[in-house]
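Biologist: I am new to this structure and would like to go through it with you. Could you show it to me and tell me how each label is earned?

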Amino acid sequence: MAPAAPAAGAAVAGRTREVTRLAGLDGIRGLAALFVVLHHCHLLSFPGYPADTGPGWAGWLLYGHFAVVVFIVLSGFSLAVSPARAEWRLGGVRRFLRRRAWRILPPYWAALAMSLVIAWTVVPQPGEGPPTAKSVLVYGLLVQDLFGAPSPNGAFWSIAVEAQLYLVFPIMLLVLRRYGAAVMLGAVTAIVVAIGALAPHVAAVDLFMRLTPQFAALFAAGIVAAGVLAVPRDRDDPRAGRGRARWRAALPWLALAAAVPVPVLIAVNGSVWTVANFFWVDLALGPAVALLLAALATGRPAVLVRLLDLRPLRRLGSFSYSLYLTHAPLVVIVAQLLVAPNVAPGVPAFLVTLAVCVPLTLAVAWAFAAVFELPFQRHRGWAALRAAVRARLARRRA
């Protein structure tokens, strides 16, 4: 998530390990990851991206990039829920970074190893040569957005971006706590907009564009949106309470109003313009995603919350990070080695690719998560993980 290394699907209340799950967020995360899978199936079936060379009914699948927008805003939101409930206090920078590393690095490195083996022995990623020693170093250190190297996995670019946003998350919280949400979000957005405006004219600034700086503003928007769950200081004031209730009731409509301009822009200008202007389109889409997350966190609209919280979507969300990490090499194998030589190009190849890749990538991601992701969610350190493994082995021997 794009994207995307997701934040945990649940928020830790205060400094305890009591878990409070926000209904609907796992569903959004799972659907976004699945959308990226469909996007890559579309790209390999209809060459010519960013031009739309496929059928009109499938044109929406060109925009898998927007799933990364969702991942980034959702990551900022999820990470900020606990601090928002604790007066925007993080509970220790070192502790936060250690937990983030424990959460994202083991599955990422395992997926990197899998992707390297596939790229070296089966087929490399489209448009890329076989990974080199530099690829191993750059992708292993999560600096692929800073240094170029043949990519072993087309989905990995956004993982580096999100990992770097984790480093600035404590700073954003500090600014928010001292100066307020408007100042923090305004400052980050102003810096990002300045970079985007200057980049076409200043070579030194243009170098920053490869870091997708717009995601910093989207991440900040997610953090601010989590404030909807903060305990208000004037909670005993009935008038203030009524005002907050009206504001929360309006959130779904505000999210819809913020979202409408984006598809209009895309429909009017087309896919080539949209891809060339992802920087600005992402910034336009971010507020809608943030407002939607705030609405869902307050249980609105109830019908959508219930749909997103259906058990299959919750389950999909539980291994969405693994799905995002592992799907790209598998889609390439299916599309290039199995479908292309045996199925007519165009719509027939696309439909067969979908029919094979969706269940295949889901099954592989579920198994991958069971080994490399979920154990690191359930256990907070090596000691706890080793104890759990020994206990399971003991039960099997008994």
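Modeller: Gladly! A word on helices comes first: a helix here is a DSSP run of at least four residues, and helices are numbered from the N terminus. Trp88, for example, lies in the loop between H2 and H3. Please keep in mind that this is a predicted model.

Biologist: Why is Trp88 called buried?

Modeller: Buried means under 20% relative accessible area. Trp88 has 14%, so it counts as buried.

Biologist: And what makes the phi of Trp88 worth a remark?

Modeller: Most residues other than glycine have a negative phi. Trp88 is not a glycine, yet its phi is near 65°, a positive value. Leu142 is also not a glycine and has a positive phi of about 60°. Leu142 sits in the loop between helix H4 (133-140) and helix H5 (157-179). With 9% relative accessibility, Leu142 is buried.

Biologist: What is special about the peptide bond between Tyr49 and Pro50?

Modeller: Most peptide bonds are trans. The one joining Tyr49 and Pro50 is cis, with omega at about 15°. Pro50 belongs to the loop between H1 and H2. A cis bond also joins Arg300 and Pro301, where omega is about -15°. Pro301 is in the loop between H11 and H12.

Biologist: How do you know whether Cys41 and Cys357 form a disulfide?

Modeller: A disulfide needs two cysteine sulfur atoms within 2.5 Å. The sulfur of Cys41 is 4.2 Å from its closest cysteine sulfur, in Cys357, and therefore too far for a bond. Cys357 is in no disulfide, with the sulfur of Cys41 as the nearest one. Searching the whole structure gives 0 disulfides. Cys41 is buried at 0% relative accessible area, and Cys357 is also buried at 0%.

Biologist: Where does helix H15 bend?

Modeller: There is a kink of about 25° at Cys357, shortly before Pro359. H15 covers residues 347-372 and spans 35 Å from its first C-alpha to its last, close to the expected 38 Å. Its buried residues, among them Phe350, Thr353 and Cys357, pack against helices including H1 (25-45) and H3 (93-121).

Biologist: What does Ser45 touch, leaving aside neighbours within four places in sequence?

Modeller: Ser45 is in contact with Gly346, Ala349, Phe350 and Thr353. Ser45 itself is part of helix H1. Its side chain also comes to 2.8 Å from the backbone oxygen of Cys41.

Biologist: What makes the pair Thr298 and Arg300 a polar contact?

Modeller: A polar contact asks for N or O atoms within 3.5 Å, one able to donate a hydrogen and the other to accept it. The side chains of Thr298 and Arg300 meet at 3.3 Å, inside that limit. A polar atom of the Thr298 side chain is also 2.8 Å from the backbone oxygen of Ala295. At 18% relative accessible area, Thr298 is under the 20% cut-off and so is buried.

Biologist: One last point: which residues touch the most other members of the largest nonpolar core?

Modeller: Those are Phe77, Phe169 and Ile223, in a core of 106 residues. Helix H2 (residues 65-84) gives the largest share of this core, 14 residues. Among the residues that Phe77 touches are Leu22, Leu25, Ile223 and Leu293.

Notes. Residues are numbered from 1 along each chain as its sequence is written. This is a predicted model: local features need pLDDT of at least 70, side-chain atom pairs count only at pLDDT 80 or more; totals for chains, interfaces and linings use all residues. Side-chain values use heavy atoms; hydrogens and water are left out. A nonpolar core is a set of buried Ala, Val, Leu, Ile, Met, Phe, Trp, Tyr and Cys residues joined through side-chain atoms within 4.5 Å. Buried means under 20% relative accessible area, exposed over 50%, partly exposed in between (1.4 Å probe, protein chains only). Helices (H or I, at least four residues) and strands (E, at least two) are DSSP runs, numbered from the N terminus. Contact means heavy atoms within 4.5 Å. The expected span of a helix is 1.5 Å times one less than its number of residues. The bend at a residue is the angle between axes fitted to the seven residues ending there and the seven starting there.
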